[in-house]
Amino acid sequence: MTTTGQPGNSTNCAHVRSQYTVPTSGDVVEAKIWLPSLSSAQSFDGDSYPAGTLLDWASMWTDGANSTNGSENWPADTEVDAVESQYGTSFVSIHYGSLNSSGGSTGDWTTEPKGWEGSGAIYATPNAGVADVQGGWNVVDIEFTSTVANIYFNGALYITVPSSVLSHKPAYLNFGISGPNAGDPNNVYWPSGPASEDVQYVKVFS
C-alpha cells in the first residue's frame with residue numbers, strides 16, 4: 001500500500017480490510033508489517049527528525065462488527081488500533097462507546113500524551129523497557145483473551161488493554177496508510193512523504 005504523503009484525504013491513502021471478521025475472544029491475530037520511516041535526517045517546517053523516524057500515517061487495527069461477518073457499528077463494537085504512526089512515533093488506541101458531537105468516540109483509551117483527547121479519555125502507559133514498533137519489519141500480535149487484550153511488538157508484551165474498554169465483538173482486520181491528518185493545522189510539522197506499508201503475512205490462531 002502506497003501514499004503520496006500529502007495531508008490525508010481519499011485520493012492519497014490506501015486501505016485493505018479482511019473479507020471476513022476474526023474472533024476477538026480467546027484468539028490471536030498476528031501480522032508481519034513493514035512500516036515506512038525516514039532514510040536520513042530531515043526537517044519539516046523547521047522541526048528536525050532523525051533517520052528511522054516513522055512516517056505518517058501507517059496503521060494496523062481491528063474494527064468491531066455487530067455479528068460474525070456482519071455490519072460495523074462504530075464505535076460501539078470497538079476499534080482496536082494496535083499500530084497508528086503519527087507525529088513520528090506510533091500509539092495504541094481503543095475507540096468505544098458512542099458517537100460524540102464532533103463525530104468521534106465518547107470512549108478513548110490511548111497511549112497518546114495526556115491532553116490530546118477529550119476530557120473523558122483514559123491515558124495508558126506501555127510496559128517499561130518494551131520497544132514500540134520501529135521503521136522496517138515488525139511482528140504485531142493482538143492476543144484477545146476472554147477479558148483483556150494483550151498487544152505484543154516483536155515478541156514482547158507492549159501493553160495490556162483492560163476488559164472495560166473492549167466489546168469482544170467479531171472484528172474486521174485492517175491495514176492502511178495515508179499522509180498526515182489534514183484536519184490538524186500542525187500537520188506541516190510531522191514527518192511524512194511518499195511511502196509504502198507492506199504486509200508479509202497474517203495469522204489468526206487460538
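This is a short dialogue on reading a predicted model.

Student: What kind of model is this, and which rules apply?

Tutor: The model is predicted: local features need pLDDT of at least 70, side-chain atom pairs count only at pLDDT 80 or more, and totals for chains, interfaces and linings use all residues. Residues are numbered from 1 along each chain as its sequence is written, and side-chain values use heavy atoms, with hydrogens and water left out.

Student: How many helices and strands are there in the protein?

Tutor: Both are DSSP runs, numbered from the N terminus: helices are H or I over at least four residues, strands are E over at least two. Here there are zero helices and 17 strands.

Student: What does the radius of gyration say about the protein?

Tutor: The radius is taken over C-alpha atoms, and the globule rule is 2.2 Å times the number of residues to the power 0.38. For 206 residues a compact globule would come near 17 Å; the protein has 16 Å, which agrees. The C-alpha trace spans about 45 × 40 × 35 Å along its principal axes.

Student: How many of the 206 residues are buried, as a percentage?

Tutor: Buried means under 20% relative accessible area, exposed over 50%, and partly exposed in between, with a 1.4 Å probe and protein chains only. Buried residues make up 46% of the 206.

Student: Which residues have the most contacts inside the largest nonpolar core?

Tutor: Such a core is a set of buried Ala, Val, Leu, Ile, Met, Phe, Trp, Tyr and Cys residues joined through side-chain atoms within 4.5 Å. The largest one has 37 residues, and Met60, Trp109 and Ile151 have the most contacts inside it. Strands supplying at least two residues each include β3 (27-35), β6 (58-64), β12 (136-144) and β13 (149-153). β3 gives the most, with four residues.

Student: Which residues does Met60 contact, leaving aside neighbours within four places in sequence?

Tutor: Contact means heavy atoms within 4.5 Å. Among the partners of Met60 are Ala31, Ile33, Val80, Val140, Leu173 and Phe175.

Student: In what order do the strands of the open sheet run?

Tutor: Two strands pair if DSSP finds at least two bridges between them. Five strands form this open sheet, in the order β14-β13-β12-β3-β17, with antiparallel pairing. β14 and β17 (198-205) are the edge strands, each pairing on one side only. Axes are lines fitted to C-alpha atoms, and angles run from 0 to 180 degrees between N-to-C directions. Neighbouring strands here are turned by 15 degrees against each other on average, direction ignored.

Student: Which residues stand opposite each other across β3, β12, β13 and β14?

Tutor: Val28 of β3 stands opposite Glu143 in β12. Glu143 also stands opposite Asn150 in β13. Asn150 in turn has Thr160 as its bridge partner in β14. Nine bridges join β3 to β12, five join β12 to β13, and five join β13 to β14.

Student: Is β13 mostly covered or mostly exposed, and what connects it to β12 and β14?

Tutor: Mostly covered: four of the five residues of β13 are buried. A hairpin of four residues joins β12 to β13. The hairpin of β13 and β14 has two residues between the strands, and Asn154 there takes a positive phi near 50 degrees.

Student: Where does Thr53 lie, and is Thr53 buried or exposed?

Tutor: Thr53 lies in the loop between β5 (47-49) and β6. Thr53 is buried, with a relative accessible area of 7%. Beyond four places in sequence, Thr53 touches Pro36, Ser37, Leu38, Gly88 and Pro191.
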